[in-house]
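Reader: I'm new to reading protein models, and I'd love a close look at one part of this one. Could you pick out a charged network and walk me through who holds on to whom?

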Amino acid sequence: MTSDHFTAQKKTPFWTRIVLWCLIWLHVLRGVFTLLCLFPWIGLEQKREHIQRWSLRLLKIFGLKLSVINAQILPKEPYLLASNHISWIDIHAINAFMPIRFVAKSEVASWPIFGWMAKQLGTVFIRRDSSRHARQVVGKIALVLANESVCIFPEGTSTIGKEVLPFKPNLFESAIDANVKVYSLAIRYRSQVTGLLSDATTFIGDMGLLESMSKILKDRKLIVELIFLPPSSNQATLLDRKLLALHSHGLIADKLKGL
């Protein structure tokens with residue numbers, strides 16, 4: 001079911017939200033313990049298993065059901081994943097399906113606890129207002145792509161999810177440098193009750209992280225859909241970051257428009 005309008009649904013009871021807040025902070029503390037005490041001693045695959053379980057549990061606390069579509073197209077070798085961006089919880093939804101390295105805006109690094117956790121998980125931070133720093137980050141991403149896949153949010157900011165902003169092409173250069181393919185990801189959030197789009201997860205403007213978390217807890221019973229889209233059939237000839245960005249943007253915008 002589709003709609004051009006966001007849906008409203010019955011709010012989570014107050015005392016239920018109090019219990020959920022307690023569960024969230026206990027879960028965050030568990031994540032901190034895992035990063036401090038286990039991660040220095042375990043291998044990459046074990047780390048991914050811990051990240052995936054932690055992210056799945058976080059989605060469950062927030063009342064988010066994960067739906068993954070077309071995942072079979074993803075290759076085993078590293079690739080660059082370009083996604084539209086709606087919320088901070090996008091990252092945890094993706095990690096709940098497949099832990100991956102991310103590129104995030106530098107402000108995320110200063111978030112209490114979550115910023116520190118992002119650093120420990122190997123997130124690459126970028127200053128959006130510095131083209132020079134962007135070029136340096138491209139080099140870092142290309143090095144990571146030699147062994148691991150990386151997810152970027154080329155809109156450069158989060159949106160309400162009704163449309164896809166133009167993609168900034170800079171980070172697509174890393175796929176060319178590393179000689180890997182660019183896959184695309186369309187994300188959207190719907191109500192489990194009505195099937196209509198929900199704006200409960202939107203994280204825009206001056207909204208703070210705690211404010212966003214509170215908003216999601218009030219509007220639980222949501223579905224987060226991850227829809228994977230293939231690279232261009234002639235990507236070998238798309239050795240231009242602007243063309244790669246336009247192609248990825250077009251795929252995601254068309255997919256979301258058709259839902």
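Author: Happy to: here is a walk through one network of salt bridges, followed by two other links for context.

Please keep in mind that this is a predicted model. A search of the whole structure finds six salt bridges, and a good place to begin is arginine 101. You will find arginine 101 in strand S3, which covers residues 101-105. Is arginine 101 buried or exposed? Its relative accessibility is 19%, and buried means under 20%, so arginine 101 counts as buried.

Now look at what surrounds it. Leaving aside residues up to four places away in sequence, arginine 101 touches Leu121, Gly122, Thr123, Val124, Val144, Glu148, Ser149, Val150 and Cys151. One of these, glutamate 148, deserves a second glance: the side chains of glutamate 148 and arginine 101 form a salt bridge, at 3.2 Å from N to O. Glutamate 148 sits in the loop between H5 and S5 while arginine 101 belongs to strand S3, so this pair ties together parts that are 47 residues apart in sequence. Salt bridges with shared partners join Glu45, Arg48, Arg101 and Glu148 into one network.

Glutamate 148 also has a salt bridge with arginine 48, this time at 3.8 Å from N to O. Here the link runs from the loop between helix H5 (131-144) and strand S5 (150-152) to helix H2, where arginine 48 lies, 100 residues apart. How covered are these two partners? Glutamate 148 counts as buried because its relative accessibility is 18%, whereas arginine 48, at 24%, is partly exposed.

For another charged link, turn to lysine 11 and aspartate 219, whose side chains meet in a salt bridge at 3.6 Å, N to O. Lysine 11 is in the segment before H1 and aspartate 219 is in the loop between helix H7 (209-218) and strand S7 (222-229), so the pair ties together parts 208 residues apart in sequence. Lysine 11 is partly exposed, at 49% relative accessibility, but aspartate 219 is buried, at 7%.

Finally, aromatic rings make links too, and the count comes to nine aromatic pairs. In one of them, phenylalanine 62 and tryptophan 88 meet edge-to-face, with centres 5.7 Å apart and 75 degrees between the planes. Both residues of this pair, phenylalanine 62 and tryptophan 88, are buried. Together with Phe114, Phe62 and Trp88 form one aromatic cluster.

Notes
Residues numbered from 1 in each chain as written. Predicted model: local features only at pLDDT ≥ 70, side-chain atom pairs only at ≥ 80, totals over all residues. Heavy atoms only, no water. Helix = DSSP H or I, 4+ residues; strand = E, 2+ residues; numbered from the N terminus. Buried < 20%, exposed > 50% of the residue type's maximum accessible area, 1.4 Å probe, protein only. Contact = heavy atoms within 4.5 Å. Phe/Tyr/Trp six-rings, centres within 6.5 Å; stacked < 30°, edge-to-face > 60°. Salt bridge = Lys/Arg side-chain N within 4 Å of Asp/Glu carboxyl O.
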